[in-house]
Structures are given as structure tokens and as C-alpha cells.
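Visitor: I should like to learn how to read the features of a structural model in an orderly way. May we take them one at a time?

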Amino acid sequence: MNLRFHWMFPKGGEVGMKTAQETSRVATTKAGSAAALPDMEGWVRFARCAEEAGIESVLLSFSRYEPDTIFIACAVGQATKKLKFIVAYRLGLMQPTTFVQQINTLSGVINGRVSLNIVAGSSMVEQRGYGDFLEHDERYARAEEFLGVCRSFWSNNGDDVSFTGNYCRIENGKIYTPFVAPDRTMPEIYVSGHSEQAQHLALTQGSCWVRLIDTPENLAPMVTRFRDKGVGVCLRLCVVCRPTRDEALAAAEALLPSEEIERQERRILSGSDSKTLKDALAAADQVGWMNRNLWAGLVPYYGSSAITLVGSPEDLAEAFLEYKKIGVTQFIIAGWPKLDEMMIFGREVIPRVREAESHE
Amino acid sequence: MSLRFHWMLPKGGEVALNGRQTPREAARYRIESMHAGSPAPRPDIEGWTHFARQAEGAGIEKVLISFSRYEPDPFVVACALGQAVKKLKFIIAYRSGLMQPTTFVQQMNTVSALTQGRVSFNIVAGSSSAEQHGYGDFLSHDARYERAEEFLAVCNAFWGRNGNGNADVDFAGKYYRVEQGKLATPFVSPDGKSPEIYVSGHSEPSEQLAYSQGTCWLRVAEDPAKLASVVARARARGVGVCLRLCLVCRPTREEAVEVAQSLLPGDSAESTVTLKDDSQMYREGGQITTGHWLNRSLWTGLVPHYGPVWTTLLGSPQDLADAFLEYERIGVTEFIISGWPEVDTVNVFGREVLPLIRRQ
């Protein structure tokens with residue numbers, strides 16, 4: 001099977017931004033940031049380019065700084081025909097029955113082009129603003145129950161779900177609006193997180209584990225463990241692709257923003273109770289270049305998902321095929337500027353990967 | 001101020017795009033929409049868009065999108081339909097107890113931004129205890145209202161009502177606790193106001209909830225003489241009154257009566273109201289057994305079978321215009337109407353009745 005390439009959907013206003021610096025989290029979470037508002041014009045343009053570039057899905061991120069992901073997928077999905085949406089949602093924000101009803105409705109409106117990225121929540125402060133006061137480990141225990149209920153609805157045709165757990169209780173739940181898709185009866189469920197609990201959740205309730213990219217050698221045993229249990233592995237990364245490796249290196253280094261942004265982003269990363277964020281910061285500070293093409297140097301500026309594959313089209317195509325060899329099946333990618341880097345990727349890297357795959 | 005006219009959004013598949021539909025066929029479709037195998041739970045963007053354009057042409061301001069487990073999620077429907085039509089507004093019916101208020105506000109604000117502010121909502125405490133259990137809600141009728149009060153208080157705090165301004169939201173109640181709640185996406189509307197809140201119900205707690213947290217009290221049509229004091233009370237508290245009713249308009253009253261009576265079930269024992277065991281409004285409706293004429297134009301013959309929202313205003317265009325103007329005199333400000341079939345009725349209303357009202 002061919003590798004599946006997804007892309008991070010830009011935040012409001014980002015499609016028009018030309019420098020990476022403008023898109024740092026520190027900037028998009030400031031009061032008055034354009035990220036708070038939907039950007040239908042920019043988004044529809046981006047979505048159509050993604051379809052053209054050969055991108056399968058876009059990941060819509062969830063936070064209190066952005067519009068709700070379910071409705072972005074609904075609106076942009078009506079303006080596109082092929083692109084799918086990985087809707088990130090945190091748990092503890094609504095009842096599982098309600099969530100299933102919303103996702104099923106969305107699937108009916110955009111012909112099943114929706115999957116889910118379940119995040120247990122990475123900021124305690126943000127969760128409390130949503131009325132969620134559970135600790136990290138308990139959030140995962142609840143997520144397990146929540147997804148268990150959702151999956152019962154999807155595998156029972158919406159019929160008569162009863163469940164009694166520590167966090168969820170449902171009695172004779174019924175949802176008449178079905179999940180509709182050409183080839184599935186329930187959405188793909190991506191579970192992200194590096195912690196033991198996140199991995200457990202991915203294995204029990206997910207269809208795919210999402211984690212930050214690392215070197216193939218480091219990842220190989222973990223990937224095998226997941227594949228053995230029938231769960232796929234999807235890597236989060238950024239790319240900088242230029243005609244030569246030297247040009248790519250220069251472009252990557254030009255992305256470094258001011259020290260003030262670093263100071264603030266470090267505060268977010270080190271204040272979180274998420275293992276993923278801690279791991280990423282450690283890679284940046286203790287390792288830097290993880291191998292010839294994989295650089296963690298941007299993490300202190302752009303956050304944990306900024307571990308970046310840097311190189312020529314051939315370097316990158318080879319790197320992706322290397323991950324394929326160890327069993328990785330999907331990638332969620334970002335780049336700067338958001339639109340240009342995706343077009344380069346679609347033009348230069350995907351065809352090289354497909355060409356190699358056609359000989360497998 | 002002019003009377004404001006809204007309409008019920010038809011069920012999925014209810015709008016007959018090919019060929020005509022008799023009033024009886026339309027009524028049967030609605031009654032059977034809760035039966036297994038009905039297409040009603042599936043989103044029907046094509047039929048809804050057709051209806052929505054007719055409603056816009058007829059001078060209808062908003063459509064009410066109802067909430068139940070038998071239907072698609074009304075948030076998603078409003079978002080999708082809002083992309084297809086550009087003028088019509090939406091009243092999203094939602095029950096409290098299904099999601100955190102912070103999440104609800106984030107969804108409402110997102111949909112407002114995606115529809116240029118064309119959303120308001122109708123909060124329903126929940127009318128069937130079996131249905132609520134399926135959503136994970138096990139509170140009793142009165143406790144549901146107590147919770148709805150807290151729910152709306154949190155929502156209103158996010159929207160800067162109740163003097164909260166732009167401060168973070170902090171709330172500690174019996175049912176909800178929110179700490180430093182903050183949402184970057186604002187409620188977007190042309191006039192800069194927060195959403196209108198329709199509170200429906202006939203019980204004492206629902207009336208109090210409308211006064212404390214709502215902008216409009218939504219109830220089923222009654223004889224104006226009986227309603228006058230209730231309406232005066234609500235208006236004195238600064239809250240509007242909106243009436244739900246069904247409409248049958250024919251060239252003469254006799255023809256209208258004949259059509260309405262053709263909707264009576266062949267089996268006099270047929271009833272869908274037993275499903276709503278926990279609603280004051282439905283309990284009152286169930287007690288109507290004789291004397292189905294509340295006045296010359298207002299008929300409750302269908303109510304014992306199908307519930308109070310089948311209360312029917314019928315007559316010639318002039319009869320109906322007079323009836324609406326009589327409600328205006330006692331202080332009613334808005335109406336939510338439905339008919340059989342919806343498309344034909346909204347067109348007749350726009351062509352025959354509304355001009356007579358606007359002339360006054």
C-alpha cells in the first residue's frame with residue numbers, strides 16, 4: 001500500500017502569511033490574532049491546492065485559540081470534493097453520544113471525508129477553562145471510556161448502547177443518523193501522544209497512533225509493536241525541501257525567529273504535562289540533528305511538531321521510504337510558508353515516492 | 001417593530017423535489033420520521049437548500065432546526081446550510097447537559113463566523129427521560145432547569161452579557177465549574193450583539209429561565225385572550241414571546257378545515273406523545289380530549305395524537321392575517337411556523353398572508 005500523506009491545515013490568516021515567524025504559536029495565541037477567526041477564502045484555496053498536490057487529508061487542530069474543528073471541516077468540506085479532514089478534538093468537552101451525533105452528521109454532509117484525532121488535552125489551564133479538572137492519567141482513563149462508547153455506537157449501527165464506567169454512563173443510547181462513508185462504517189481514529197497511556201489508548205481504541213517523528217532506528221521497535229496489534233503508525237513532522245541539501249539547510253536556518261519567541265515557546269513547552277512536548281524539547285536541546293536530515297532545532301520556536309526533515313527532493317523521498325520499510329504508513333506534515341512548501345512537496349517529493357512504490 | 005416570522009426546517013427527505021405531495025403525505029412522513037428505516041435522520045442538503053431558498057423568497061427570517069436523537073445534529077446542519085444560502089438565519093435547538101458550556105460557546109461562535117452571524121439558539125431542557133439517558137443525562141425535570149440556568153449563565157458570561165465584559169470566565173456552580181475560561185473566536189454578528197436565546201417550555205422553571213438568561217420565551221400558540229396576561233408578564237421582564245404553531249391556509253376557511261381534518265389519523269389511538277414523558281408542555285397537550293377549537297381559527301385536533309406543536313392555525317389568508325395581528329396586539333413578537341407540506345405552505349404564507357400583515 002502507498003504511503004499516505006496528510007498536511008497540517010493552516011490557522012486563520014496563515015495562508016496569506018509569507019514568513020514562518022508570523023505563524024509561530026506565540027503569535028497565533030496572542031489576543032487579536034487572525035487565527036481566532038475562520039478564513040474561508042484562504043482555507044478553500046489551500047484545500048484545493050492540497051487536493052492538487054496529492055495530499056489525502058488535512059489535520060485541523062483544536063484549541064481555545066481557534067474556531068471549532070468540526071465546523072471548519074463542514075464548511076471547507078462543502079467547497080471541496082476529495083480532501084478529507086482529520087478533526088482534532090479533546091475529550092471531556094461533551095458527551096460521547098453527542099460527539100457521535102455531530103461526527104455522523106458531518107460525515108453525511110461531506111460524504112464521509114472525516115476522521116478523528118483524539119487528544120487527551122495538553123494544557124491543564126486550558127482544560128479547566130472547558131470545565132475539565134482531571135489529571136493527565138485520569139484524562140486517558142476517561143478517553144478510553146469515551147472512545148469505547150463511540151465505537152459501540154458505530155459498530156452497533158447506532159442502536160442501543162449501554163455503558164457504565166467511572167466517567168461515562170449511557171443507558172439505551174440510540175443515534176439514528178448513521179456514519180456515512182463510501183468504504184467505512186466508522187471514522188479512522190488517530191490517537192496522539194508519547195505517554196504510556198496514550199500508547200495504550202491507541203492500541204485499545206484507535207486505528208492509528210500519531211507521534212512525533214524520530215530516527216527510523218529509534219522508531220523501529222515501537223512501530224513493530226503497534227503493527228503487530230493491527231494499529232498503524234503516523235508521524236508528525238515538518239519539511240524543508242529545496243533543490244539541494246545545502247539550500248535546504250540555509251532555508252531551515254532562516255526560519256529561526258527572535259529570542260523572545262523562543263523564551264515564550266519554551267515556557268509553553270516546559271509548563272505542559274504532556275510527555276510529547278517534553279520529549280520534543282529534550283530532542284532539541286540534547287541532540288539537535290537527530291541524523292543527517294532530521295533536525296529538532298526548530299522545536300523551541302515552533303513547538304513540538306516542528307521536528308523537521310531537511311534536504312533535497314531525493315533526500316526526502318529516500319527518508320520517507322526508509323520509514324515505510326520499518327512499517328510507518330502515514331505522515332502529517334507541515335512546512336513554511338504553509339502553501340508554498342506543500343506545493344513543493346506535491347511536485348517534488350510525492351512523485352519520487354510513488355515512483356519507487358510502483359516498483360515494490 | 002414588525003412581527004418576525006420563522007419556520008421549521010423540514011426533516012431530512014421531507015421536501016419532495018419531484019412531484020407534488022399532499023398535506024396528508026407530508027404529515028405522515030413527519031410522523032414516521034422516528035420509525036426505523038425512515039430517511040429522516042440523514043442530512044438532506046439538497047432538499048433543505050430548496051426549502052431554504054423558498055423560505056427566503058417568502059420573507060421568512062429564520063428556520064428552527066430541531067434536536068433529537070432521530071435527527072442530524074442541528075449545529076452541523078446550520079453550518080452546512082449556511083454555506084448554501086446567504087440570507088436566511090438559523091435557530092439551533094439544543095439541550096443542555098450534552099456538552100460543556102465552553103464547548104457550546106466555541107461551537108456557536110464558530111458557526112456564527114462561518115454564517116456571518118446568522119445563528120441563534122433554542123435551549124430545551126429535554127422532553128424525554130429515556131432519550132436523555134441515552135445522552136448520559138440522568139437529572140430530573142426540575143434539576144435539568146437548574147442546570148440549564150447555570151449552563152446559560154456561563155454562556156452569557158463568555159458573551160459578555162450580565163456585565164462580564166471581556167474578562168476571563170470563572171464559574172463555580174452545582175453542575176458546572178469553569179476556571180479562567182477564555183475563547184479567542186468571538187460571536188460574530190453584523191450588529192455586534194451576542195446570540196438571541198429562545199427558551200422553550202410551559203413549566204414554571206422554563207418561564208423563569210427565559211427571564212433570567214433568555215431573550216425570548218418560546219411556547220405553543222394559545223387563544224389570544226388566554227395568552228394576553230402571560231405575554232404581558234414576559235414583556236414586562238424585557239423578554240419577547242415567540243409562538244410555535246402549524247398553519248393551514250386555503251382560499252376559504254371551509255377548505256382549510258377540511259385539509260386540517262384530513263390529517264387526523266385513521267387509527268384514533270395513534271400517538272407519538274407518549275415518547276415525551278417528561279415535559280410539562282406535552283403533559284398539558286395530553287389532557288386535551290374534547291373541544292378542539294380554542295377559537296374560530298385555532299384547532300388542537302391533532303395535539304392528542306402528535307403533541308402540542310401540532311396546534312394549528314387555519315383559515316383564509318384574511319383570517320390568518322387577522323389572527324397574527326391579534327397576537328401582535330397582545331405583545332407577541334415572533335412566530336415559528338410549520339405546515340404540510342412545508343414548501344407549499346411557506347410559499348402560500350409569503351404570497352397570501354404576509355403581504356396582508358405588512359400592509360398594516
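Visitor: Which residue just after α6(B) takes a positive phi?

Guide: The model is a predicted one. In it, B:G160, just after α6(B), has a positive phi of about 75 degrees.

Visitor: What span does helix α6 of chain B reach from its first C-alpha to its last?

Guide: A helix can be judged by setting its span against an expected rise per residue. Helix α6 of chain B covers residues 141-158, and its 18 residues reach 26 Å, close to the 26 Å expected at 1.5 Å a residue.

Visitor: Which residues of α6(B) are buried, and what do they pack against?

Guide: The buried residues of α6(B) include B:R144, B:Y145, B:F151, B:L152, B:V154 and B:F158. Charged residues appear in the list too, B:R147 and B:E150 being among them. The buried residues of this helix pack against α4 (101-114), β4 (119-124), β5 (169-172), β6 (177-181), β7 (197-200) and α7 (204-213) of chain B.

Visitor: How should one read the two sides of a strand, and which way do the residues of β8(B) point?

Guide: In a regular strand, side chains alternate between the two faces of the sheet. In β8(B), B:C216, B:L218 and B:V220 point one way, while B:W217 and B:R219 point the other way, and all are buried. Strand β8, residues 216-220 of chain B, is accordingly described as mostly covered, with 5 of its 5 residues buried.

Visitor: Do β7(B) and β8(B) run parallel or antiparallel?

Guide: They run parallel, and 3 bridges join them. Within this pairing, B:V199 stands opposite B:W217 of β8(B).

Visitor: What do β5(A) and β6(A) form, and how many residues are between them?

Guide: They form a hairpin with 4 residues between the two strands. Strand β5, residues 161-164 of chain A, is joined to β6(A) by 3 bridges, and the two run antiparallel. One bridge partnership is that of A:T164 with A:R169 in β6(A).

Visitor: Which residues touch the most other members of the largest nonpolar core?

Guide: In soluble globular proteins, nonpolar side chains tend to be buried together. Here the largest nonpolar core has 226 residues, and A:V58, A:A73, A:C74, A:I307, A:I333 and B:V63 touch the most other members. Leaving aside neighbours within four places in sequence, A:C74 is in contact with A:L106, A:V109 and A:I110 of its own chain, and with B:V76, B:C79 and B:A80 of chain B.

Visitor: Is A:I72 buried or exposed?

Guide: A:I72 is buried, because 25 other C-beta atoms lie within 10 Å, where 20 or more suffice. A:I72 is placed in helix α3 of chain A. Beyond neighbours within four places in sequence, its contacts are A:P38, A:L60 and A:P67. For a sense of distance, A:I72 and A:R151 are 79 residues apart in sequence and 23 Å apart in space, C-alpha to C-alpha.

Visitor: Is B:P304 buried or exposed?

Guide: B:P304 counts as buried, with 20 C-beta neighbours inside 10 Å. B:P304 is found in helix α11, residues 303-306 of chain B. The C-alpha atoms of B:P304 and B:V154 are separated by 37 Å, and the two residues are 150 apart along the chain.

Visitor: How many residues does the contact take from chain A and from chain B?

Guide: The contact takes 41 residues from chain A and 41 residues from chain B. On the chain A side, α3 (69-78), α4 (96-109), α5 (124-129) and β6 (169-173) each supply at least two residues. Of these elements, α4(A) gives the most, with 8 residues. By class, the side of chain A that touches chain B has 20 nonpolar, 14 polar and 7 charged residues.

Visitor: How many helices and strands has chain A?

Guide: Chain A has 14 helices and 12 strands. Its radius of gyration is 20 Å, close to the 21 Å that the globule rule gives for 360 residues, so chain A is as compact as a globular protein of that length. Buried residues make up 54% of chain A.

Visitor: What does the secondary structure of chain B come to?

Guide: Chain B comes to 13 helices and 12 strands. The radius of gyration of chain B is 20 Å, close to the 21 Å from the globule rule for 360 residues, so chain B is as compact as a globular protein of that length. Of the residues of chain B, 53% count as buried. Among contacts in chain B between residues at least 6 apart in sequence, 76% join residues at least 24 apart.

Note on methods: Residues numbered from 1 in each chain as written. Chains lettered and ligands numbered in written order. Predicted model: local features only at pLDDT ≥ 70, side-chain atom pairs only at ≥ 80, totals over all residues. Core = buried A, V, L, I, M, F, W, Y, C linked by C-beta atoms within 7 Å. Buried ≥ 20, exposed ≤ 12 C-beta atoms within 10 Å, placed from the backbone. Contact = placed C-beta atoms within 7 Å. Rg over C-alpha atoms; globule rule 2.2 N^0.38 Å. Pairing = 2+ DSSP bridges. Expected span 1.5 Å × (residues − 1).
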